[in-house]
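Visitor: Hi, I'm new to this one. Could you walk me through it?
Guide: Sure, here it is.

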There are 2 protein chains.
Amino acid sequence: MDGSAIEKLITDISKLPGLGRRSAQRIALFLLKNKDKSLLPLIQTLESSHKLISECAKCGNVDMINPCNICKNLNRDKKSICIIEDVSDLWTFERTGFYKGLYHVLGGSLSAINGVGIEELTVTKLINRIKENEISEVILALSTTMEGQTTTHVIADKLESFKNLTVTRLAQGIPIGGEVHYLDENTLNTAFQSRKKVI
Amino acid sequence: MDGSAIEKLITDISKLPGLGRRSAQRIALFLLKNKDKSLLPLIQTLESSHKLISECAKCGNVDMINPCNICKNLNRDKKSICIIEDVSDLWTFERTGFYKGLYHVLGGSLSAINGVGIEELTVTKLINRIKENEISEVILALSTTMEGQTTTHVIADKLESFKNLTVTRLAQGIPIGGEVHYLDENTLNTAFQSRKKVI
């Protein structure tokens with residue numbers, strides 16, 4: 001590990017999310033072993049990503065056009081906004097393909113531990129979007145962690161004053177394919193309290 | 001995941017060793033979210049790595065000079081060569097600091113499944129190094145997997161004809177800090193067969 005350039009390469013790779021020093025070493029050696037076949041193409045991809053991809057000014061999605069393909073799509077329901085924590089959640093929604101409205105990337109959820117306050121999230125931008133456009137429903141699709149649920153409540157409070165706006169959140173209960181004896185207490189309790197009439 | 005540049009970014013990242021598609025997505029979003037603070041510095045590091053770091057023509061180490069700092073170091077014992085599978089093994093040796101000789105990076109171990117034959121490894125280069133230099137000991141420090149042990153035997157066979165050359169391999173037995181009741185049968189058997197006289 002002599003050579004400051006190698007050390008810097010490993011350190012910079014290990015800063016990427018989910019990578020420790022050992023994985024960073026492995027990736028660094030892989031790239032150095034195949035400099036022209038791996039390192040060079042990766043540099044080119046990262047460079048063109050830097051040039052071509054940007055954040056959608058409206059919803060926070062990442063795309064090659066701004067506003068993004070979803071915001072620009074005339075076939076999407078412009079009256080519905082689905083609030084998600086991250087772009088990866090948007091991808092999960094889009095993979096299923098059942099949702100036809102717009103999105104709003106919040107940028108995370110409120111967390112005292114991680115120092116994420118309301119200013120770190122795109123809440124003001126969301127409120128302006130609702131004010132300036134004719135929105136009839138806001139769907140809060142945040143995680144059901146402690147942080148996600150707090151965020152859901154805080155945003156719901158802020159949207160209370162809007163007339164003619166329905167604010168919903170995802171249903172909570174047993175996941176499809178879930179077995180009752182594996183459920184945690186909270187989920188079982190929630191599913192029981194929200195039970196639905198069958199007959 | 002609209003936008004071919006984003007798809008390409010994720011695909012290229014997922015080609016790195018140890019990364020699946022989910023981790024690649026996470027890293028891609030991290031880079032795109034902090035384009036100037038993360039993506040740009042990473043591009044610069046990769047570019048300077050491509051420019052500055054190369055493989056040592058003698059031993060196969062990676063370094064900013066060629067021959068590398070270890071091969072060039074006058075204080076190292078030039079008569080001893082330690083054979084390792086990969087540069088990361090060299091780093092492990094160097095972290096401990098007890099070994100003062102030279103290295104030879106083999107580039108893996110023989111594996112029928114992975115299609116690694118003797119030509120894929122730097123065995124010919126090793127033999128030439130031994131022929132052209134005054135080497136008194138070759139230490140085979142390969143893994144004790146099936147592949148590593150086969151490779152050790154094949155290389156030992158090839159080095160048999162050299163006069164005045166000692167060929168050794170790492171001792172096999174209970175790892176330090178190891179508990180006997182957790183040992184696998186092979187290790188226990190090896191450790192028992194190679195037991196040492198205490199008194």
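Guide: What follows is a quick chat about a sheet, its helices and a helix pair, all in a predicted model.

Visitor: Cool. In what order do the strands of the open sheet in chain A come?
Guide: The order is β4-β3-β5-β6 in chain A, and the pairing is parallel.

Visitor: And which strands are at the edges?
Guide: Those are β4 (101-105) and β6 (166-169) of chain A, each with pairing on one side only. On average, neighbouring strands are turned by 25° against each other, ignoring direction.

Visitor: How many bridges link β3 and β5 of chain A?
Guide: There are 4 bridges between β3 (residues 77-84) and β5 (residues 137-140) of chain A, in the parallel sense. As one example, A:Cys82 has A:Ile139 in β5(A) as its bridge partner.

Visitor: Which strands does helix α5 of chain A touch?
Guide: Helix α5 (residues 87-96) of chain A packs on the sheet against β3 and β4 of chain A, and its direction makes about 160° with that of β4(A). Helix α7 (residues 146-159) of chain A lies across β5 and β6 of chain A, at about 165° to β5(A).

Visitor: Switching topic: how do α1 of chain A and α3 of chain B cross?
Guide: Their axes come within 10 Å and cross at roughly 150°. The crossing of α1(A) and α3(B) is left-handed.

Visitor: Which residues meet there, in α1(A) and α3(B)?
Guide: From α1(A) you get A:Ala5, A:Lys8, A:Leu9 and A:Asp12, while α3(B) brings residues including B:Pro41, B:Leu42 and B:Thr45. By class, this contact of α1(A) with α3(B) has 6 nonpolar, 2 polar and 2 charged residues.

Definitions and conventions: Residues numbered from 1 in each chain as written. Chains lettered and ligands numbered in written order. Predicted model: local features only at pLDDT ≥ 70, side-chain atom pairs only at ≥ 80, totals over all residues. Heavy atoms only, no water. Axes fitted to C-alpha atoms, helices over the stretch in contact; angles between N-to-C directions. Helix = DSSP H or I, 4+ residues; strand = E, 2+ residues; numbered from the N terminus. Left-handed = near helix turned anticlockwise from the far one by under 90°. Contact = heavy atoms within 4.5 Å. Nonpolar A, V, L, I, M, F, W, Y, C, P; charged D, E, K, R; others polar. Pairing = 2+ DSSP bridges.
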